[in-house]
Structure formats: structure tokens, C-alpha cells
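Please open the model in your viewer and keep the sequence beside it, since this tour moves from one selection to the next.

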Amino acid sequence: MAKKRPEGIESYTAPAGGWGALRAVAKTLSHQQIVAQGTTTLLKANQPEGFDCPGCAWPDPKHTSSFEFCENGAKAITWESTAKRVDPDFFAQHTVSELWDWTDHNLEDQGRLTHPMIYNADTDRYEVIAWDAAFARIGAELNLLDDPHQAEFYTSGRASNEAAFLYQLLVRAYGTNNFPDCSNMCHEATSVGLPKSIGVGKGTVTLDDFELTDAIFSFGHNPGTNHPRMMSTLHEASRRGVPIIVFNPLKERALEKFASPQDPIEMVTMSSTPIASAYHQVRTGGDLAALKGLMKSVFEIDEADLASGGAGVLDRDFIREHTIGLEALREDIDKTSWDSIIAVSGLTRAALKSAADVYVKAKNVILCYGMGITQHSNGTGNVQQLANLLMLRGNIGRPGAGICPLRGHSNVQGDRTVGITEIPNKALIDGMEKAFGFRPTDLKGHNAVESIEAMNDGTSKALICLGGNLAVAMSDPDITFPAMRKLDLAVHIATKLNRSHLLIAKTSIVLPCFGRTDLDTQATGPQSVTVEDSMSMVHASRGFLNPPSEMLKSEPAIVAGIAKATLGDRYGIDWDGMVADYDLIRDKIEIVFPDFKDFNKRVRVRGGFRLDVAASDRRWKTESGKATFLVARGLDEDPLMKNPDALVLTTLRSHDQYNTTIYGLDDRYRGVFGRRDVIFMNKDDLAKRGLVDGAIIDVESLPTSGGRLRAARGLLAVEYNIPRGSVAGYYPEMNALIALSDYDRLSGTPAYKGVPVVIKGAQA
Ligand SMILES: Nc1nc2c(c(=O)[nH]1)N[C@H]1C(S)=C(S)[C@@H](COP(=O)(O)OP(=O)(O)OC[C@H]3O[C@@H](n4cnc5c(=O)[nH]c(N)nc54)[C@H](O)[C@@H]3O)O[C@H]1N2
Ligand SMILES: Nc1nc2c(c(=O)[nH]1)N[C@H]1C(S)=C(S)[C@@H](COP(=O)(O)OP(=O)(O)OC[C@H]3O[C@@H](n4cnc5c(=O)[nH]c(N)nc54)[C@H](O)[C@@H]3O)O[C@H]1N2
Ligand SMILES: [Mo]
């Protein structure tokens, strides 16, 4: 008989996808009270004439015109197109102190915001304010600051190119580069790491490359939940016999086997397709060691081949013609011992050799990765070692091969492209001067962690958020929450209520905006916006639902409203004209960023266009003009290895959430139902501590950067298939354990996936 599991914990044995996914969508539709308007919405997602699904940044297949079914895309869309409303009555009924005690799930589940609101300290409530009054108040507060660098302007990656571009124009005309953004917590290691390696901070592959590839390596991403449309691509590749080699501490169900809801036979016969051909359960934070081990194996295979008279397995022509730095890399790998590789990665030499065998046998290899790589104190180094591995065999810049970072938010990459950056380069400053006749400051601004530090020490006094939930997304609520409460001004442009809005500043304003699915009508008629996906494809998106309230404005209109109230007619910028017709915004984007040549024309072509990615054509925009092998730190410098009793905690998304948006309390593929207070642990780690499956535990963390202890108490230990020494819990709850000062020093990315913790049975 199977042993009894703790309440809400089951062992999930079915494949991912399949009927379970369809059932989940039906449940979401009814919960959100979606009737006629909403269900047809699903059919317009990612269609040429429709809107871009806000669920993820995976590109749309060119060849299909049929609706691509995706459970989590459906959740994202129905969550936005819900019939529920958070209106002035709602705020009249609930004080902010009362709302603070609600769960994150309950706050957002109340529905769409309908009116601009301002906080009244006398009543402890948000109350209605007219748009003009709100803009005037924001402008007055921003103009009261001693210096523009005292304001922070956060962006979350849902914002369209048009909204983000206007926003950076407002901020640069105002006079700062304080652009904390969600990318700083996400793929910053990619944006910082890859330009030094291959001259561009983006992926080099397109969807077509997946049809030509001979092997796919997947590091630290969970596509069954977070990039569900990628499952069609992996499913197809697997059926073609392409080996898929996975490096992930957790056995993620969709990476093991998947039943495609697109495949009638699998649906009717309840069969499925295996995805990973080999699954390597690397220790959390052990990727650097695994990558060094893979490269060490490749060098060994190469030497053996040369010794037996072969030509070797390195792409020597590519290396000679296109790269520098191999000698230094080789030296580093030679001096890294197998013992240390095995100890840190948790993988055997044989396992790493077998993965290297697949790698050297495949002509063309694509390497995909996500947050399991970037959210470490060594995130930038990790990304660069991925590039090294590919470059050894010329796997960059030819068909069927390349690097594929899985971006997060549906337009996080586009926001960066159109100027949301705290470190503007000269081309951006020159472009802005050309387009608008003023020269913005090039003084480095704050990233996300630095913005919190500045709010905490009082140097920053105002925060404007274009979407997102900064307080909850950021590490260390013990510092982050009080820091935001010290502000003079907090403004949130949002679709739904969340905890960040409840961190009350002297003046707190919430401005409701359209989402992706809403029809955006301006003076010249309905408008489309544009987005850029993970593969640098730019295309149009047009919502079509009646907005949830007549009071809502579009994000560009709100940004322009704030800009006019703050800047007056400084620099003669035509805010009204651009809001009336988004084509005029795109004309300006094209002046600042010449890659967008003929923007308005090209975006009207079905499917849009691809931005230039020089590395895809083996043009290297690095300092030396060559692709560069880079050396990472030694394995003995790993801060996670310092305390032998510590376990390394990683923080994960459940299947029922979108970042800080918690749709529900289930994580179906991991067998968790109705709760989120769990810590997944290896059975030996449980036993070593005298604990069993279902034990109530306390988790304490010590920052690797030094400083005080943090704790989360009364959690449920769940026995799980995870390597010894690694444990996992849910984001955002576990942020209480992560010190603000623990982040990658090169990219500023918080080390959300490498938290050393000590676990004990809970004190009675
Ligand atoms: N439905 C849904 N879709 C989403 C999101 C969402 O929350 N919900 N979020 C969006 C955003 S902003 C992003 S950035 C992406 C995130 O997409 P992912 O990168 O898939 O996000 P995570 O859930 O953080 O999962 C990371 C994976 O890495 C593994 N992992 C953890 N630590 C390590 C490690 O040290 N090494 C290795 N090799 N693997 C590790 C985990 O087991 C997990 O499978 O998804 C986007 N799409
Ligand atoms: N521990 C831990 N922490 C993490 C991570 C992790 O893996 N572990 N992941 C990090 C990552 S990858 C990311 S990207 C960040 C996410 O950080 P954010 O992007 O800041 O967070 P979200 O949860 O995506 O933001 C949700 C809110 O966005 C608003 N919203 C939704 N749609 C729209 C829209 O169309 N327009 C506007 N204006 N607002 C909208 C809603 O009000 C909603 O409440 O979190 C990071 N934090
Ligand atoms: Mo992200």
C-alpha cells in the first residue's frame, strides 16, 4: 500500500498537458465569471489579427493559423478579462489596513481596477480622484524633489514598446536614468553576460532553428508551466528523435513526458511523448560545475579523437576565425578537478561524459535556459559558460544552432530594446537627441536592488511603477516593505490591486490601465501596440474587449498625462499627438533605434519582423570584434559550499501562478493541492535531521554577504525527488529568506535560486 502523504500532497504520475490541462481551463473560466466576451478571447491569442498573449514570450509559429491551446496562457488571459471589478465601492468597504491582511491571491482575485484612486490617511482608504487632479498631484510632487535622481521609475515587462518608449522619454526628459525593472530580477545576467561573449544580450535562434537542430540542451527552466507553447516545439523535436538533455534539480513532469492537447491521437488514447532523453538532476547552484565538467569532457573526447588520428571534435575553423580566449578557458578547465566538479554539481563523471557525447555527436545544438541559471550570485558567469560550451563546436550563428534564453514577461525584451535601461549607451543618448532635440543625462541610474537601497536610506523619495508588484517580487520584504513606506510619493499604473499598492507613502496613487486584451481607442481610432518576443520578432497586438470601465486609460495615455503635468511643454514634445496616433510613437522609435527602420510598414506585415541579432550572422559586436571565451570563478569560491550543514534553497513558480499573481493554490504537476507552505526535500536530508514527509519545519537563512539571520517558520516538509543538499520552496513566499544584499555583483540579479538555509523541526 502506498504510504499516506501529508494533507494536500499527492504523487503525480500522469504526463503533463493532456486532459488535466483542458479541465483546468474550464475551471478558470467559471471562476473568473467569464461569459461570452471572454471565451472567444482565447481564440484570438497570438493570432495575426489578435493580441499578444501576456502569458509568456515564446514566439508564435508562422505556419499555423489555428488556435494554439495553452493552459497557462488561458489562465493569464481569463485573469485579465475577468468580469470581477475593484471599484470605488470596494475601497469604501475595506480599509488599507484590512486589505494588508488578505493573501496576495485574494487581493488580485477581486478583479480589475476601475477608477484612479488616492489614499486618504484620515479614513485609511483609497478614494476616487479625477485623472487631471491625479496627474497634477504627481507632477507637483515630482517637481518638489531637489533633484530628479531622487525618483525611481519601475517597469514590469507587460508594457508595450509604445508605452515603454514614452515612459523612458518622460523619465529622460525629467532628468534621470533610474530605471529599476523586472528584467533586473530576471534575465539581467543574460543582458550583461552575453554581450561580452557574443556581442549581443539576446538569444540567437529563431523558431525555424528548432526544426533543424540535432540536439537540445535545457538548463533551469520549466516550460510545461512557464513557457507552455514551447512544449509543442519540444514535443515535435522529441518525436523527430532529437535528443533533449535536461539539467534541473527537480524532475519537472513536462520535461519528462507530455501529452499534447494539440495532438488528437494522444488526447483520445491518453498516451504521451517522452521529452527528456536524459535528465541530470544537478544540485541547485551546481550548473557552473556541470558546465565546467561538460567542457572538460569535450576536451577529453577531443584529445582522444586526435590521439587516434581523428580531426578532433572542436570546431577549429570557427575558433580560429571567430573567437579569442580559448587558451585561458582551457587552462581554467584543466586546473578544475573532477573531484570538485562532482562535489559541486552533484553529478557523476559518467553522467557528464554521456551528456558531452551527445553534444559532440550532434552537428547543430540549441541550448535553452531560464531562471535556474540567471538567479544566482554567479548568474552572469553561468550564462557565459553556456556560451563557451556552444562556441567550442561553432554552435552559434548557423542554422539549427544557438543560444536560447527563455524570456519571462511577454515584452520584457522589447522594453529593454526601446530604452528601459539604467545604463544608456551613447547610441541611445545620441538617438534621443536626434529624435527630440535634447541630450539626456548619461549618468548611471539605479537597477532594482539599488532602487530599494536608495528608498531605504532615504535618498530616493518617489516611485512610479509602470505595472508589476515590485515589493513582492523583490527579495527581503523586511527591508523592501519599510523602504517603500518611507516614500513621499508612490504611483502604481496597474490592472489589478496588489500588495505594493498597500505600502502607503505620504502620497499614494493607483491609476487603472488597459490590459493586452482591452480595445484601446484614441482620437484617431483603435490602436495597436507592438511587442518583441524571446526570439527578437516584433509584431503588433490589438485588444478587442470592451475595457472593464469607461474610466480606464491606456498606458501611453497615462504616461503622457504624467509627462505633461510634470514637464509642461519642456522640449516641445508632442505628447497629445503621439497618444492620439501610436504610429507617431513608432516613428520616433525608429529615429532613436535605426534597427526599427520602416517600423510602421513592417509591423503591418503578417507576423511582423525580426530585429537584427548580429551574432546570428556571426558578426560579433564585442570589444575585440570576436566572440570571446570567458573564464568563470573557481568552484572552491562557491559561497554556497561554505557551510557543510547548509542546504541550498531554490525558489520556484507553481503551475498556478504568474509571478506574484497567484491564480490558485495548486501545483498539479508537483502533486501539491490547496497549499503553498511547502519545502521540497530529499528523503536522506529529511532522515539526517530526524524529520519525515509531512514534518513541520523552520527554515533559517544566513546571507552569503554577511548580516543577520532570516527565518520562515511552520512550513511543511515534503519528500521529493530532488538531489541531496538542495531544497525548494515557492516564490514569492520564500523572499522573506533572501537578503537584499545577496545578488550577482555583475548583473544585480538577486540570488533567488541559491539561498543557503538551515532546516530543523519546528519549535513547539
Ligand atoms: N504560467 C507562468 N508563466 C510564466 C511565469 C509565471 O510565473 N507563470 N513567469 C514568467 C517569467 S517573468 C519568467 S522569468 C519565466 C520563468 O520561467 P522559468 O525559468 O521556468 O521559472 P522558474 O519557475 O523560476 O523555474 C526555474 C526552473 O529552474 C529549476 N532550477 C531551480 N534552481 C536551479 C538551479 O540551480 N539550476 C538549474 N539548472 N535549474 C534550477 C527549477 O527546478 C525550475 O524547473 O516564465 C514566464 N512565464
Ligand atoms: N524568489 C523569487 N523572486 C522572484 C523571482 C523568482 O523566481 N524567485 N522571479 C523574478 C522575476 S523573473 C520577475 S520577472 C519578477 C516579476 O516582477 P513584476 O513584473 O513586478 O511582477 P508581476 O507579478 O508580474 O506583476 C503583477 C502585477 O502587474 C500588474 N499588471 C498586470 N498586467 C498589467 C498590464 O498590462 N499593465 C500594467 N500597467 N500592469 C499590469 C497587475 O497589477 C499585477 O498585480 O519577480 C522576480 N522575483
Ligand atoms: Mo521574469
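A residue is near a molecule if one of its heavy atoms lies within 4 Å of it. Keep in mind throughout that this is a predicted model.

**First stop: ligand 1**

Select ligand 1 and display the residues around it, of which there are 31, with Asn222, Glu252, Asp287, Gln657 and Asn659 coming nearest. To look at individual contacts, begin with aspartate 287, where an N or O atom of the side chain is 2.6 Å from a nitrogen atom of the ligand. Then turn to asparagine 72, whose side chain has an N or O atom 3.3 Å from a nitrogen atom of ligand 1. At methionine 371 the backbone is the part to show, as one of its N or O atoms lies 2.9 Å from an oxygen atom of ligand 1. How much of ligand 1 does the protein bury? Taken alone, the ligand exposes 920 Å², and 99% of that is buried by the protein.

Now colour the shell of ligand 1 by residue class, and you should find eight nonpolar, 19 polar and four charged residues. If you prefer to work by secondary structure, select α11 (223–226), α20 (371–374), β24 (647–652) and β25 (657–658), each of which supplies at least two residues of this shell. Colouring by domain is also useful here: ligand 1 lies between domain 2 (188–405) and domain 3 (639–761), because both of them give residues to its shell.

**Second stop: ligand 2**

Next, select ligand 2, which is surrounded by 33 residues, the closest being Tyr154, Glu555, Thr660, Tyr731 and Asn735. Show the side chain of glutamate 108, which has an N or O atom 2.7 Å from an oxygen atom of ligand 2, and add glutamine 375, where a polar side-chain atom lies 3.0 Å from an oxygen atom of the ligand. For lysine 496, display the backbone, since a backbone N or O atom there lies 2.8 Å from an oxygen atom of ligand 2. On its own, ligand 2 has 930 Å² of accessible area, and the protein covers 97% of this. The elements that contribute two or more residues to its shell are α25 (470–473) and β16 (489–494).

By residue class, the shell around ligand 2 divides into 13 nonpolar, 14 polar and six charged residues. Domain 1 (118–181 + 411–597) and domain 3 (639–761) each provide at least three residues of this shell.

**Third stop: a cis peptide and a loop**

Stay with Tyr731, one of the closest residues to ligand 2, and follow the chain to proline 732, because the bond between them is worth inspecting: tyrosine 731 and proline 732 are joined by a cis peptide bond with omega of about 5 degrees. Most peptide bonds are trans. Proline 732 has its place in the loop between β30 (726–730) and β31 (755–761).

**Fourth stop: strand β6**

Tyr154, also one of the closest residues to ligand 2, leads to strand β6 (residues 151–155), where five of the five residues are buried. In a regular strand the side chains alternate between the two faces of the sheet. In β6 both faces are covered, with Ala151, Phe153 and Thr155 buried on one side and Glu152 and Tyr154 buried on the other. Add strand β15 (residues 462–466), which pairs with β6 in the parallel sense over five bridges, and find alanine 151 standing opposite alanine 462 in β15.

**Fifth stop: two positive phi angles**

Most residues other than glycine have a negative phi. Select tyrosine 571, which is not a glycine and yet has a positive phi of about 65 degrees. Tyrosine 571 sits in the loop between α27 (555–567) and α28 (575–580), and at 41% relative accessibility it counts as partly exposed. Then select aspartate 598, where phi is again positive, near 55 degrees. Aspartate 598 is in the loop between α29 (582–592) and α30 (599–602), and it is partly exposed, with a relative accessible area of 32%.

**Last stop: an open sheet**

Finally, select the three strands that form an open sheet in the order β1-β9-β10, with mixed pairing. Its edge strands are β1 (16–17) and β10 (273–274), each of which pairs on one side only. Between β1 and strand β9 (residues 257–259) the pairing is parallel, over two bridges, and glycine 17 stands opposite alanine 259 in β9.

Conventions:
Residues numbered from 1 in each chain as written. Chains lettered and ligands numbered in written order. Predicted model: local features only at pLDDT ≥ 70, side-chain atom pairs only at ≥ 80, totals over all residues. Heavy atoms only, no water. Polar contact = N/O pair within 3.5 Å; in protein donor to acceptor, adjacent residues only side chain to side chain. Areas by Shrake-Rupley, 256 points an atom, 1.4 Å probe, with all protein chains shown as cover. Helix = DSSP H or I, 4+ residues; strand = E, 2+ residues; numbered from the N terminus. Nonpolar A, V, L, I, M, F, W, Y, C, P; charged D, E, K, R; others polar. Domains from an automatic or database assignment. Pairing = 2+ DSSP bridges. Buried < 20%, exposed > 50% of the residue type's maximum accessible area, 1.4 Å probe, protein only.
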